[in-house]
Every structure is written in structure tokens, then in C-alpha cells.
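Trainee: Hi! Could you walk me through this one with me asking whatever comes to mind?
Mentor: Happy to, let's bring it up.

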Amino acid sequence: QVQLVESGGGLVQAGGSLRLACAASGGTFSTYVMGWFRQAPGKEREFVSAISWSGSTTYYSGSVKGRFTISRDNAKNTVYLQMNSLKPEDTAVYYCAAAGYVRSSPMKVHEYNYWGQGTQVTVSS
């Protein structure tokens, strides 16, 4: 059983930056594909970014590409999401997720077996 704990959320002005972290425990972190998703009030959970087990391949949604950067440190069992040039529409609860095996695409919610509790990101205009 893998436990995921997110941190780093908060309130920031538009144009600012935040760095989210997700610490994993209880499993072999280096074998998991890791993803970040977000969910705004009244909306479905949506894909933000994902990273392969080695860190050599990354994926981004079109809305964050060029502004967000995902990375991982397998020695620290942690995945990060650096968020720059934040916009009010980035406001959401951000969730970290782990997938032991990806059948089709790491951009799909149903691929992930484990989820964190989420961290709130609020971007003011």
C-alpha cells in the first residue's frame, strides 16, 4: 500500500510561482509512474502532468505546458510540480497519484492506483 502526502499549496497572486511536493511511502517509489491532477469546484478531476519511473519522460496538459515542470527524486521518494506564471484558472485542489502499471495513457485518472489527500492552490487576480 502506497501513501502519498502533498505539500506546498497556498495562496499566490497571478504571475507568481508555487512548488508542490508529494512524498511517498509504503511502496517501491522508483517503479511507479507519478502524476499530478487537479480539481476545481464543480468540475471533474483533470490531468496536469505525469512522469515516468525513471524521470526520462514527462507529460503535460496543454493548459500548463511551458509553465509547469514535473520532476522526481527517487532517492527521496518525492515528486515535485514547479508551477510558474500562475493564472486564476489554475485554482484547484491538486492531487498526487501513483500508477504501478499504465495500460494506455498516464493522462487518464483511472490508470492510477493511489492518491494523496490533495493540496489547495488558489491564484488571485
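Trainee: How many bridges join strand 5 to strand 6?
Mentor: There are 3 bridges, and the two strands run antiparallel, with strand 6 covering residues 58–60. Keep in mind that this is a predicted model.

Trainee: Which residue stands opposite Thr58?
Mentor: That's Ile51, facing Thr58 in strand 6.

Trainee: And what sits in the hairpin of strand 5 and strand 6?
Mentor: There are 6 residues between the strands, and among them Gly55 takes a positive phi near 90°.

Trainee: What about the other neighbour, so how do strand 4 and strand 5 pair?
Mentor: They pair in the antiparallel sense, over 5 bridges. One of the partnerships is Phe37 with Phe47, the latter in strand 5. Strand 4 and strand 5 also form a hairpin with 6 residues between them, and Gly42 in the turn has a positive phi of about 80°.

Trainee: Is strand 5 mostly covered or mostly open?
Mentor: Mostly covered: 5 of its 6 residues are buried.

Trainee: New topic, the core. Which residues touch the most other members there?
Mentor: The largest nonpolar core has 28 residues, and Leu4, Met34, Trp36, Val79, Leu81, Met83 and Tyr94 have the most contacts with fellow members. Several strands each supply at least two residues of this core, including strand 4 (33–39), strand 5 (46–51) and strand 8 (78–83). Another core, of 7 residues, lies apart from it, with Val33, Phe37, Ala50 and Ala97 among them.

Trainee: Let's zoom in on Leu81. Where is it found?
Mentor: Leu81 is in strand 8.

Trainee: Why does Leu81 count as buried?
Mentor: Because its relative accessible area is 0%, and the cut-off for buried is under 20%.

Trainee: What does Leu81 touch?
Mentor: Leaving out residues up to four places away in sequence, its contacts include Leu18, Leu20, Trp36, Val48, Phe68, Ile70 and Tyr94. Arg19, Ser49 and Thr69 are among its contacts too.

Trainee: One last thing, the backbone. Which residues other than glycine have a positive phi?
Mentor: Two to look at are Asn77, with phi near 55°, and Ser85, with phi near 50°.

Trainee: Where are Asn77 and Ser85?
Mentor: Both are in loops: Asn77 between strand 7 and strand 8, Ser85 between strand 8 and strand 9.

Trainee: And what is the relative accessibility of Asn77 and of Ser85?
Mentor: Asn77 is at 28%, so it counts as partly exposed. Ser85 is at 41%, so Ser85 counts as partly exposed too.

Methods:
Residues are numbered from 1 along each chain as its sequence is written. This is a predicted model: local features need pLDDT of at least 70, side-chain atom pairs count only at pLDDT 80 or more; totals for chains, interfaces and linings use all residues. Side-chain values use heavy atoms; hydrogens and water are left out. A nonpolar core is a set of buried Ala, Val, Leu, Ile, Met, Phe, Trp, Tyr and Cys residues joined through side-chain atoms within 4.5 Å. Buried means under 20% relative accessible area, exposed over 50%, partly exposed in between (1.4 Å probe, protein chains only). Helices (H or I, at least four residues) and strands (E, at least two) are DSSP runs, numbered from the N terminus. Contact means heavy atoms within 4.5 Å. Two strands pair if DSSP finds at least two bridges between them.
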